[in-house]
Amino acid sequence: MRVITSSAQIQPQSTSRIMMIRPVRFGFNAETAESNEFQQPSFALSTHETAGDLAKEEFDLMIDQLKKAGVDLHVFDDNEDILRPDAVFSNNWVSFHQSGKVVLYPMMAENRRAERRLDIIERLKEDFKIEEIIDLSYFEEQGKFLEGTGSMVLDRRYKIAYACLSPRTHPEVLEAFAEALGYEIVAFSASDENGKPVYHTNVIMCVGDVFAVVCLEAIKDPDERQMVRAALEETKKYIVEITFDQVRHFAGNMLMVRNNKSDKFLVMSTQAYDSLTSHQRQALTDYARILHTDLGVIEGNGGGSARCMMTEIHLPRK
């Protein structure tokens, strides 16, 4: 494992600037359900008529909490014109980097590809420097996918991309990302208790500045498990291990953010928070203040949680 120490001096792991998309036509997406074990069809059916309204309420409560913490939010509304049931999970289609590069990603579900919105990028150009747009969406024609910082968990300080391979995370697209952004890849396979592949890396892993939350038991191959552990240890991360049950409660789906005073916050859902042990909570509180909101409707219908709803803006300001 090669640790790139120079990048640690110039690239912060977290940012105070977050992009989010307010849902409009949110609901259970049948196109994504086959590869997403976290979606709950029975839950979705019982709330079919109200899921959209309840998701908006959950979203706005999370927005309110982040604003009170002093996080700089850039919130865009989805619209009624196109059905985008997963628009709230904006981190899958785009990522923003300190170099001024913007990356657009190939999405597995056809009805999620409409989530890529150049109008949002044009709006962000008013406040941030965008040097280059790297569009990887052409891989969709080849049936190869990489769903942003869902497929990858980035250690931006050391330019390492952790990625569990799955139908949504193809090694060839990973290589294209790494070459364009100068990242090193730590790729592995991961599965749940029943051997079902983990669909996104960010449901089993979160990397902060000096800590990491990870379900190592999901990585069945001992060599790959040790490789991931070694990479985290060599980049001086305190490792908080979580269980399969905690993963099912979205305890891996969290993100560290900052405010303009550089106060650190670890954002997660209430379900994730409740699943943590007191020891785990205390360990994480040593590194960041925990913020959590109830995202039950979004989690049950969409199969994603707090981290999936936040797209970090690391672009330089104008």
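Five bridges join strand 7 (residues 160–164) to strand 8, and the two strands run parallel. That is a good place to start a walk through this model, which is a predicted one. To fix one point on the ladder between these strands, find Tyr162: its bridge partner in strand 8 is Val186.

**The sheet around strand 7**

Strands 7 and 8 belong to an open sheet of three strands in the order 6-7-8, where the pairing is mixed. Which strands stand at the edges of this sheet? They are strand 6 (152–155) and strand 8 (184–188). Each has a single partner strand, so one side of each is left without a neighbour in the sheet. If direction is ignored, neighbouring strands here are turned by 20 degrees against each other on average.

A helix joins the picture too. Helix 8 (residues 222–234) packs on this sheet and touches strand 7 and strand 8. The direction of helix 8 makes about 145 degrees with that of strand 8.

**Two lysines with a positive phi**

Now look at two loops beside these elements. Lys159 lies in the loop between strand 6 and strand 7, while Lys236 is found in the loop between helix 8 and strand 11 (238–241). Neither residue is a glycine, yet Lys159 has a positive phi of about 55 degrees and Lys236 has a positive phi of about 60 degrees.

How do the two lysines stand towards the outside? Lys159 has a relative accessibility of 26%, so it counts as partly exposed. Lys236 reaches 65%, so it counts as exposed.

**A second open sheet**

Three strands form another open sheet, in the order 3-4-5, again with mixed pairing. Strand 3 (94–96) and strand 5 (132–135) are the edge strands, each pairing on one side only. From one strand to the next, the twist averages 15 degrees.

Inside this sheet, three bridges join strand 3 to strand 4 (residues 101–104), and these two run antiparallel. One residue to pick out is Ser95, whose bridge partner in strand 4 is Val103. Helix 7 (residues 171–181) lies across strand 4 and strand 5, running at about 170 degrees to strand 4.

**Rings that meet**

Helix 7 also carries Phe177, a residue with aromatic company. The structure holds five aromatic pairs, and the table shows two that involve this residue.

| Aromatic pair | Centre to centre | Angle between planes | Arrangement |
|---|---|---|---|
| Tyr105 and Phe177 | 6.4 Å | 35 degrees | tilted |
| Phe177 and Tyr183 | 5.3 Å | 50 degrees | tilted |

Why are the rings of Tyr105 and Phe177 called tilted? Their planes are at 35 degrees, and planes under 30 degrees apart count as stacked, those over 60 as edge-to-face and the rest as tilted, so this pair falls in the last group.

What does the pair of Tyr105 and Phe177 tie together? Tyr105 lies in the loop between strand 4 and helix 5 (118–124) and Phe177 in helix 7, so the pair links parts that are 72 residues apart in sequence. Tyr105, Phe177 and Tyr183 form one aromatic cluster. Tyr105 and Phe177 are buried, and Tyr183 is buried as well.

A ring can also meet a charge. The charged end of Arg281 sits over the ring of Tyr273, 4.2 Å from its centre.

**Strand 1 and its two partners**

Is strand 1 (residues 17–22) mostly covered or mostly open? Mostly covered: five of its six residues are buried. Six bridges join strand 1 to strand 2 (residues 72–77), and these two run parallel. Here Arg17 has Asp72 as its bridge partner in strand 2.

Strand 1 also pairs with strand 15 (residues 311–312), this time in the antiparallel sense and over two bridges. In that pairing, Ile18 stands opposite Glu312 in strand 15.

**A look at the cysteines**

A disulfide is a covalent bond between the sulfur atoms of two cysteines. How many disulfides does this model have? The count comes to zero. Two cysteines can still be placed by their accessibility. Cys215 has a relative accessibility of 0%, so it counts as buried. Cys308, with a relative accessible area of 2%, is buried too.

Note on methods:
Residues numbered from 1 in each chain as written. Predicted model: local features only at pLDDT ≥ 70, side-chain atom pairs only at ≥ 80, totals over all residues. Heavy atoms only, no water. Pairing = 2+ DSSP bridges. Helix = DSSP H or I, 4+ residues; strand = E, 2+ residues; numbered from the N terminus. Axes fitted to C-alpha atoms, helices over the stretch in contact; angles between N-to-C directions. Contact = heavy atoms within 4.5 Å. Phe/Tyr/Trp six-rings, centres within 6.5 Å; stacked < 30°, edge-to-face > 60°. Buried < 20%, exposed > 50% of the residue type's maximum accessible area, 1.4 Å probe, protein only. Lys NZ or Arg CZ within 6 Å of the ring centre and 35° of its normal. Disulfide = S-S within 2.5 Å.
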